Amino acid sequence: MNKYTPIFDRVLIKEEPVTETMKGNIIIPQSVLESEPITFGKVIGKGERTEVVNVDDRVMYPRGAGIEILIKEESFRLMQEREILMID
């Protein structure tokens, strides 16, 4: 994956899979989890003008931010650094 480097202030992110979680005795259905307004992912690559995020950072961003791209049958998000809401 290291051979793909976004340009300018773009960031390449591998979205974390959405999984059912249990809170107390309640199981949250997959459909509800997928409708959450935010999601998390791991930064795989960054452009030369990114100022805050680094490769391997876990980040939070709005669901649907950037564009979805496929690289060798794997799904990634390509977005501008300013679309990221928080670094974990």
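**Sheet.** I traced the strand order first. The model is predicted. I find an open sheet of six strands, ordered β6-β7-β1-β4-β5-β8. The pairing is antiparallel. I then looked for the edges. They are β6, residues 67-71, and β8, residues 86-87. Each of these two strands pairs on one side only.

**β1 against β7.** I checked this pair in detail. β1 covers residues 10-15 and β7 covers residues 74-80. Four bridges join them in the antiparallel sense. I asked which residue of β7 is the bridge partner of V11. I find M79 there.

**Overall layout.** I listed the elements next. The protein has eight strands and one helix. Along the sequence I read β-β-β-α-β-β-β-β-β. The helix therefore follows three strands and precedes five, by the run numbering from the N terminus.

**Contacts and burial.** I looked up how contacts spread along the chain. Among contacts with a separation of 6 or more, 61% join residues 24 or more positions apart. I also noted burial. The protein has 88 residues, and 28% of them count as buried. Its accessible surface is about 6,000 Å². Carbon and sulfur atoms hold 53% of that surface.

**Positive phi, D56.** I went through backbone angles. D56 has a phi near 80°, which is positive although the residue is not glycine. Where does D56 sit? I place D56 in the loop between β4 (38-46) and β5 (58-62). Is D56 buried or exposed? Its relative accessibility is 52%, so I enter D56 as exposed, the cut-off being over 50%.

**Positive phi, E73.** E73 is another non-glycine residue with positive phi, near 70°. I find E73 in the loop between β6 and β7. β6 is one of the edge strands. The relative accessibility of E73 is 79%, so E73 also goes down as exposed.

**Nonpolar surface patch.** I looked for nonpolar side chains on the surface. I38, L85 and M86 form a patch there. Together they have about 260 Å² of accessible area. I38 belongs to strand β4. Why is I38 entered as partly exposed? Its relative accessibility is 34%, which falls between the 20% and 50% cut-offs, so partly exposed is the right class. M86 falls within the residue range of β8, the edge strand at 86-87.

**Recap.** I keep three entries in view: the six-strand order, the exposed loop residues D56 and E73, and the patch of I38, L85 and M86.

Note on methods:
Residues are numbered from 1 along each chain as its sequence is written. Side-chain values use heavy atoms; hydrogens and water are left out. Two strands pair if DSSP finds at least two bridges between them. Buried means under 20% relative accessible area, exposed over 50%, partly exposed in between (1.4 Å probe, protein chains only). Contact means heavy atoms within 4.5 Å. Accessible areas come from the Shrake-Rupley method with a 1.4 Å probe; for residues, only the protein chains shown count as cover. Patches are made of residues with over 30% relative accessible area and no salt bridge: like charges are joined within 9 Å, nonpolar side chains (Val, Leu, Ile, Met, Phe, Trp, Tyr) within 5 Å. A salt bridge is a side-chain nitrogen of Lys or Arg within 4 Å of a carboxyl oxygen of Asp or Glu.
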